[in-house]
Amino acid sequence: MEVVALPADEPEAASAPQYGGQPDSPARRPRPKSRATQRLEKAQVAAFMALRAVSSYSETDVELPVFFGSLSETLARLLRARRAAFWRLGPDRTLTVQPQAYGFATDSPLHDMRIRLPVDGESVAERVIFRDELDIVDGSSKDLDALWQAHGLAGIKSSIAVSWRAGDRRIGALVAYDSRRGFSNDDAWVLRVAAMATGLMWQYREAEQKLDVIAERLEQAAASRRQLLANIAAGGDEARRRFASTLHDDSLQLLTAAELQLERARVETDAEKASTQLDQLAITLKSVEDSLRRLLLNVSPQSTDLPLGLDEAIRTRLEALRTHTGIEPDIDLRLPGHLPEAVEAVVFKNLSEALTNVEKHAHATRIRVSAYPVDGGVAVVVVDDGKGFVVAESLYVPGHLGLLAIRERAQMAGGRCRIESEPGAGARVEFWVPLNH
Ligand SMILES: Nc1ncnc2c1ncn2[C@@H]1O[C@H](COP(=O)(O)OP(=O)(O)O)[C@@H](O)[C@H]1O
Ligand SMILES: [Mg+2]
């Protein structure tokens, strides 16, 4: 890690800003600088170096304790102080020192100190942190020195502190201890600049951490959605399996029985017996019919198994629409190849529902169906020029779940859906589903 190099302690003029690295030429320095100018220049250099330290330490991917350790050291050296520390203000209005304060022994009581701020607003710590006030007399803030003393930190000869803040938010205090030549207002000013820059860096890191948390939550939400979608898809399979086994155990067995009865009746020579057998056959066939009806009740009208592929399945569905309604659909299908099965299922189910609605309700003369890749997903749009409807009313009609299902399927797949219509103005159903569930 880079530690910012300081200009030599003396002479003072050596620390004038030399950003280009070129010493000032005598021609540009016609007369000696006044002490005030020299002081100002020194403070400017120190502030510049403090800023450079904050920015260079925060650029590198260092852990926070290392950052504060290096920064405290640099700041202490800039101010000719023996020690420096960042104090963090906790939610309970208690100050605790940030790890790796510079210049303190590892067993210093400073590390375990908890400085609770009184609520009267008049304590030195409150004045420094909340009101940016600091009285420096004879090279130190006596009130601060007394504060350390009162909390068991003996041997502090001088100290100054400034508010460590980001905008109006008070994060804590930045303190320099034990100046070699007495602290000045310029030192406080340099410290203030450094504290502000550190505050901004701190806020930036916090924002980054929050972003990380949000990104993680989003990823978790996406994972749950994937899981949900997989469950739903598996649920569909499960339903199909149940359907197949019920068909086998119930209706097909009854049909086999019926076949046997038919065979017996066919070879029966006794007309009366044959008639009884035919009656039995009629009863069995009735049971077959009942059984099939029961099955039909429990089965989704829409199979999502698309042996022909999605494109072909959609065209077949549109051909059926043409046969039923006479409407010649305007088709623009640009489906990406190799869609995940779950996406295909959502696209086909939603499109089928939209088309069924057009058949059932719209009385349309024209219909346009388009599907195209966009934003890492597939968008599907169905527009008709039929009688239209009031969307807000039609979405929540008990027992009419088609439009709601379109929306929920799209959302469940991580996508979105927009249904637009007005009485007399046709209808437009649009949904988008991402490919990477
Ligand atoms: N394309 C359309 N044109 C006209 N009316 C429609 C259209 N789509 C839906 N609707 C209206 O919205 C209602 C709700 O539709 P939906 O939720 O699919 O239920 P369902 O089709 O079972 O009635 C329909 O009853 C109908 O009044
Ligand atoms: Mg419907």
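Biologist: What share of the contacts in the protein with a separation of 6 or more comes from residues 24 or more positions apart?

Modeller: The share is 64%. Keep in mind that this is a predicted model.

Biologist: How many helices and strands does the protein have?

Modeller: There are 10 helices and 10 strands. Of the 437 residues, 40% are buried.

Biologist: Let's start with the metal. What makes Glu353 and Asn357 donors of the magnesium ion (ligand 2)?

Modeller: Distance does. The OE of Glu353 and the OD1 of Asn357 lie 2.1 Å from the magnesium ion. The cut-off for this metal is within 2.8 Å, so an oxygen at that distance counts as a donor. These two residues are the protein donors of the ion.

Biologist: Why are glutamate 353 and asparagine 357 separated by about one helical turn?

Modeller: Because they are four residues apart in helix α8, residues 341–362.

Biologist: Are these two buried or exposed, or something in between? How do you know?

Modeller: Set each value against the limits. Buried means under 20% relative accessible area, and exposed means over 50%. Asparagine 357 has 16%, so it is buried. Glutamate 353 has 21%, so it falls between the limits and is called partly exposed.

Biologist: Now the neighbours of α8. Why are α8 and α10 called roughly antiparallel?

Modeller: Helix α10 covers residues 402–412, and its angle to α8 is about 160°. An angle over 145 degrees counts as roughly antiparallel, so the name fits. The axes of α8 and α10 are 10 Å apart. The crossing of α8 past α10 is left-handed.

Biologist: Which residues make the contact between α8 and α10?

Modeller: α8 brings Val346, Lys349, Asn350, Glu353, Ala354 and Asn357. α10 brings Gly402, Leu403, Ala405, Ile406, Arg409 and Ala410. Glu353 and Asn357 are also the magnesium donors. Sorted by type, the residues of this contact are six nonpolar, three polar and three charged.

Biologist: What makes α7 and α8 roughly parallel?

Modeller: Helix α7, residues 310–325, packs on α8 at an angle of about 10°. The limit for roughly parallel is under 35 degrees, so this pair qualifies. Their axes are 11 Å apart.

Biologist: Which residues of α7 and α8 meet?

Modeller: α7 offers Leu310, Ala313, Ile314, Arg317, Leu318, Ala320, Leu321, His324 and Thr325. α8 offers Glu344, Val347, Phe348, Leu351, Ser352, Leu355, Thr356 and Glu359. By type, the contact has 10 nonpolar, four polar and three charged residues.

Biologist: Back to α10. Which of its residues are buried, and what covers them?

Modeller: The buried ones are Gly402, Leu403, Leu404, Ile406 and Ala410. Their cover includes α8, α9, β9 and β10. After α10 comes glycine 414, with a positive phi near 85°.

Biologist: How do you know that leucine 395 is buried?

Modeller: Its relative accessible area is 8%. That is under 20%, so leucine 395 counts as buried. Leucine 395 sits in the loop between α9 and α10. Beyond four places in sequence, leucine 395 contacts His400, Leu403, Leu404, Arg407 and Ile419.

Biologist: What makes threonine 198 buried?

Modeller: Its relative accessible area is 0%, and the limit is under 20%, so threonine 198 is buried. Threonine 198 belongs to helix α5, residues 185–267. Leaving out residues up to four places away in sequence, threonine 198 touches Val54, Phe67, Phe68, Leu71, Phe86 and Trp164. Its C-alpha is 9.9 Å from that of isoleucine 171, which is 27 residues away along the chain.

Biologist: Where are aspartate 132 and aspartate 138 found?

Modeller: Aspartate 132 is in the loop between α3 and α4. Aspartate 138 lies in the loop between α3 and α4 too. Phi is positive in aspartate 132, near 55°, and positive in aspartate 138, near 50°. Neither residue is a glycine.

Biologist: Why is aspartate 138 called exposed, and aspartate 132 partly exposed?

Modeller: Aspartate 138 has a relative accessible area of 72%, which is over 50%, so it is exposed. Aspartate 132 has 28%, between the limits of 20% and 50%, so it is partly exposed.

Definitions and conventions. Residues are numbered from 1 along each chain as its sequence is written. Chains are lettered from A and ligands numbered from 1 in the order in which they are written. This is a predicted model: local features need pLDDT of at least 70, side-chain atom pairs count only at pLDDT 80 or more; totals for chains, interfaces and linings use all residues. Side-chain values use heavy atoms; hydrogens and water are left out. Donors are N, O and S atoms within 2.8 Å of the metal (3.2 Å for Na, K and Ca); water is not among the atoms, so sites may look incomplete. Helices (H or I, at least four residues) and strands (E, at least two) are DSSP runs, numbered from the N terminus. Buried means under 20% relative accessible area, exposed over 50%, partly exposed in between (1.4 Å probe, protein chains only). Axes are lines fitted to C-alpha atoms, for helices over the stretch in contact, and angles run from 0 to 180 degrees between N-to-C directions. A crossing is left-handed if the near helix is turned anticlockwise from the far one by less than a right angle, and right-handed if clockwise. Contact means heavy atoms within 4.5 Å. Ala, Val, Leu, Ile, Met, Phe, Trp, Tyr, Cys and Pro count as nonpolar, Asp, Glu, Lys and Arg as charged, and the others, Gly among them, as polar.
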